[in-house]
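I opened my notebook and went looking for a few things in this structure. Here is what I jotted down, entry by entry.

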Amino acid sequence: VSRLLLVDLPEEQHLVSLDDFVDIQEKHVREMTNWLVAKNIEIEAAVNDMLAIIVSFPLDPHTKGISESEVIKVKAHYNWSMYQALLAATKRSLCRVKSRLSSRMR
């Protein structure tokens, strides 16, 4: 997720009109949104499955089970990781746009 580019920049030698650029970006954003939603659902399901297996694992009667607060902490960790990945993808995409714009001014 963190390596995802949220923008679709045309080739450097290929000029496009502003309207075409906006259309390209809107299409790309829709595609990336769908992909990110699917990936988030996939990760969320995997985390829930993992936690269900861990919680349902039979333990020795002398061993304390997994508390609800620990389950919440694990889910929070994966939520934070997804947030960090989206932040990295956003920064990377903005840097790519900045780089492209600054190369045109040289």
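**Entry 1: salt bridges**

I started with glutamate 31, which forms a salt bridge with lysine 27; their closest N and O atoms are 3.9 Å apart. Worth a reminder to myself that the model is predicted. Where do these two partners sit relative to each other in helix H1? They are four residues apart in that helix, so about one helical turn separates glutamate 31 from lysine 27. I then checked how open to the outside they are. Glutamate 31 has a relative accessible area of 40%, so I put it down as partly exposed. Lysine 27 comes out at 48%, which also falls under partly exposed.

My note in the margin: side chains of opposite charge can pair when their charged atoms come close.

How many salt bridges does the count come to? I got three, so I went on to the others.

Next I looked up lysine 39. Its salt bridge partner is glutamate 42, and the closest N and O atoms lie 3.7 Å apart. Both residues belong to helix H1, three residues apart, about one turn of the helix. Lysine 39 is partly exposed, with a relative accessible area of 24%.

Then I moved to helix H2. Here lysine 73 forms a salt bridge with glutamate 70, with 3.5 Å between the closest N and O atoms. These two are three residues apart in H2, so they are separated by about one helical turn. Is lysine 73 buried or exposed? I found it exposed, at 52% relative accessible area. Its partner glutamate 70 has 37% and is partly exposed.

**Entry 2: the largest pocket**

I wanted to know where there is room in this model. Rolling a probe the size of a water molecule over the atoms shows where empty space is left.

The largest pocket has a volume of about 240 Å³. I noted that helix H1 (18-56) and helix H2 (68-105) are the elements that give two or more residues to its lining. The lining has 14 residues, and Leu9, Pro10, Phe21, Arg100 and Leu101 lie nearest the centre of the pocket. Which element gives the largest share of the lining? It is H2, with four residues. I also sorted the lining by type: nine residues are nonpolar, three are polar and two are charged.

**Entry 3: a nonpolar patch**

On the surface I came across a nonpolar patch made of Ile43, Met50, Ile54, Val55, Ile66 and Tyr78. Together they have about 470 Å² of accessible area. H1 supplies the largest share of this patch, four residues.

I took a second look at tyrosine 78, a member of the patch. This tyrosine is in helix H2. Its relative accessible area is 33%, so tyrosine 78 is partly exposed.

**Entry 4: distances along the chain**

To get a feel for how the chain runs, I picked two pairs of residues. I began with aspartate 23, which lies in helix H1 and is partly exposed at 45% relative accessibility. How many Å apart are aspartate 23 and isoleucine 43, C-alpha to C-alpha? I read off 30 Å in space, for 20 residues in sequence.

For the second pair I chose phenylalanine 57, in the loop between H1 and H2. Phenylalanine 57 has 54% relative accessibility, so I listed it as exposed. Between phenylalanine 57 and serine 17 there are 59 Å from C-alpha to C-alpha, and the two are 40 residues apart in sequence.

Notes: Residues are numbered from 1 along each chain as its sequence is written. This is a predicted model: local features need pLDDT of at least 70, side-chain atom pairs count only at pLDDT 80 or more; totals for chains, interfaces and linings use all residues. Side-chain values use heavy atoms; hydrogens and water are left out. On a 1 Å grid over the protein atoms alone, a cavity is a set of points where a 1.4 Å probe fits but cannot get out, and a pocket is an open set with protein on both sides within 12 Å along at least five of seven lines; lining residues have an atom within 4 Å of a point. Grid points are joined across faces, edges and corners, and a volume is the space filled by probe spheres set on the points. Ala, Val, Leu, Ile, Met, Phe, Trp, Tyr, Cys and Pro count as nonpolar, Asp, Glu, Lys and Arg as charged, and the others, Gly among them, as polar. Patches are made of residues with over 30% relative accessible area and no salt bridge: like charges are joined within 9 Å, nonpolar side chains (Val, Leu, Ile, Met, Phe, Trp, Tyr) within 5 Å. Accessible areas come from the Shrake-Rupley method with a 1.4 Å probe; for residues, only the protein chains shown count as cover. A salt bridge is a side-chain nitrogen of Lys or Arg within 4 Å of a carboxyl oxygen of Asp or Glu. Buried means under 20% relative accessible area, exposed over 50%, partly exposed in between (1.4 Å probe, protein chains only).
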